[in-house]
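Dear colleague,

I am passing on a structure that you have not yet worked with, and below it I set out what was found in it. Please keep the model open while you read.

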Amino acid sequence: MSTDLWEHRPGSHPAADLGLTGYEVSATDGPVGRVTQDTGDHLLVDADSWVPGTRVLVPVGLVVRVDHLDRAVHLDCPRARLSSAPPTAVDLTAPHPR
């Protein structure tokens, strides 16, 4: 089965009408950071706690589970895979949120 990285997996985000901005993101090997933008096909994550001064583009196809009670997004990959995610049109030159 092929998964489109830019679409939610069936069942991974049961309340798709809720945005994920502010949710904490975790990979299989540890925390990644906090969602600063949710566009529907990708999440822009402030990864400052993982790599200071870094934002990471996460395709929603990597999301395996969303926990709305804990405001957490769980990925099915290690953090190293995020650096090889396919590019998309997003303005990464915008000011870094603080």
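In this model, which is predicted, buried residues make up 35% of the 98 residues in the protein chain. The accessible surface of the protein chain comes to about 5500 Å², and carbon and sulfur atoms account for 54% of that surface.

As for the secondary structure, the protein chain has six strands and one helix, and when it is read along the sequence these elements follow the pattern β-β-β-β-β-β-α. Of the contacts in the protein chain with a separation of 6 or more, 52% are between residues 24 or more positions apart.

Two residues of strand β3 deserve a closer look. His42 is placed in strand β3, and it counts as buried because its relative accessible area is 4%, which falls under the 20% cut-off. The side chain of His42 makes a polar contact of 2.8 Å with the side chain of Asp41, and a further polar contact, of 3.0 Å, joins the side chain of His42 to that of Thr39.

Asp46 also belongs to strand β3, which covers residues 42-46. With a relative accessible area of 16%, Asp46 is likewise under the 20% cut-off and is therefore buried. A polar atom of the Asp46 side chain lies 3.0 Å from the backbone nitrogen of Asp48, so that here the partner is a backbone atom, within the 3.5 Å that a polar contact allows.

With best wishes

Notes
Residues numbered from 1 in each chain as written. Predicted model: local features only at pLDDT ≥ 70, side-chain atom pairs only at ≥ 80, totals over all residues. Heavy atoms only, no water. Helix = DSSP H or I, 4+ residues; strand = E, 2+ residues; numbered from the N terminus. Buried < 20%, exposed > 50% of the residue type's maximum accessible area, 1.4 Å probe, protein only. Polar contact = N/O pair within 3.5 Å; in protein donor to acceptor, adjacent residues only side chain to side chain. Contact = heavy atoms within 4.5 Å. Areas by Shrake-Rupley, 256 points an atom, 1.4 Å probe, with all protein chains shown as cover.
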